[in-house]
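The exercises below are meant to be worked with the sequence and the coordinates open side by side. Try each task before reading its solution.

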Amino acid sequence: MAIQPWNVAIAEDVIATLRDEPGPVLIALQAIQEKFGYVHDDAHQLIADAFNVSRAEVYGVFTYYHDLKKAPHGEKFVKICAAEACQAVGCDSLIADAIQAGFEVEKAYCFGNCALGPAAMVGDRLIGRATVEKLK
């Protein structure tokens with residue numbers, strides 16, 4: 001799905017499709033992020049109104065889940081596994097090298113690719129035995 005610029009009407013349409021879902025606040029936050037690449041501040045009130053909860057409750061869910069973002073990522077965004085197996089094969093060096101190469105790096109904890117560590121994710125693509133060259 002292509003990421004779109006923030007648009008209240010589109011966000012309301014996304015939220016409207018989730019009215020009958022259990023646990024709709026988290027699902028709505030995730031759907032908004034999938035659509036726009038992040039959760040715009042205005043989405044908190046839209047979700048609160050749609051599901052009859054407080055904005056504070058929405059914000060609490062938003063801040064609890066670290067994968068939910070308040071700003072879009074840059075073009076050179078990568079997640080690098082920093083769990084034990086990837087630490088053992090040099091993820092710390094990879095993280096430092098990626099930052100030096102201008103990547104926006106987020107540490108993650110296990111992609112289930114331990115045999116091919118260090119592991120990284122660029123978009124939806126899993127990279128084993130990751131190097132800065134492979135990240136590019």
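**Exercise 1.** At the start of helix 1, which backbone nitrogen does a side-chain oxygen of Asn7 reach?

*Solution.* The model is a predicted one, and the distance used here is computed from its atoms. Starting from the side chain of Asn7, one finds that an oxygen there comes to within 2.9 Å of the backbone nitrogen of Ala9, at the start of helix 1.

**Exercise 2.** Identify the buried residues of helix 1, and decide how they are placed around its axis and what covers them.

*Solution.* Step one is to list the buried residues of helix 1, which spans residues 8-16; they are Ala11, Val14 and Ile15. Step two is to look around the axis: these residues cover an arc of only 95°, and therefore they lie on the same side of helix 1. Step three is to ask what covers them, and the answer includes helix 2 (24-36) and helix 3 (41-51).

**Exercise 3.** Is Gln33 buried or exposed, and what does its side chain meet?

*Solution.* Gln33 is located in helix 2. Its relative accessible area is 17%, and because the cut-off for buried is under 20%, Gln33 counts as buried. A polar atom of the Gln33 side chain lies 2.7 Å from the backbone oxygen of Asp67. When residues up to four places away in sequence are left aside, Gln33 touches Tyr38, Val39, Asp67, Leu68 and Lys69.

**Exercise 4.** Carry out a similar analysis for Glu106, beginning with the element that holds it.

*Solution.* Glu106 belongs to strand 2, residues 104-108. With a relative accessibility of 15%, Glu106 is counted as buried. Its side chain forms a polar contact with the side chain of Lys69, at 2.9 Å. Again setting aside residues up to four places away in sequence, the residues that Glu106 touches are Asp67, Lys69, His73, Phe77, Val78, Lys79 and Ile80. Asp67 and Lys69 thus appear in the list for Gln33 as well as in that for Glu106.

**Exercise 5.** Place these local results in the whole protein chain.

*Solution.* The protein chain contains seven helices and four strands, arranged along the sequence as α-α-α-α-β-α-α-β-β-β-α. Of its 136 residues, 38% count as buried. Among contacts between residues at least 6 apart in sequence, 62% join residues at least 24 apart. Finally, for the charges, one counts 12 positive and 18 negative side chains, with the centres of the two sets 8 Å apart.

Definitions and conventions:
Residues are numbered from 1 along each chain as its sequence is written. This is a predicted model: local features need pLDDT of at least 70, side-chain atom pairs count only at pLDDT 80 or more; totals for chains, interfaces and linings use all residues. Side-chain values use heavy atoms; hydrogens and water are left out. Buried means under 20% relative accessible area, exposed over 50%, partly exposed in between (1.4 Å probe, protein chains only). Helices (H or I, at least four residues) and strands (E, at least two) are DSSP runs, numbered from the N terminus. The arc is that of the directions from the helix axis to the C-beta atoms. Contact means heavy atoms within 4.5 Å. A polar contact is a pair of N or O atoms within 3.5 Å; within protein, one must be able to donate a hydrogen and the other to accept it, and residues adjacent in sequence count only if both atoms are side-chain atoms. Lys and Arg count as positive and Asp and Glu as negative; His and the chain ends are not counted. The place of a charge is taken as NZ of Lys, CZ of Arg, CG of Asp or CD of Glu.
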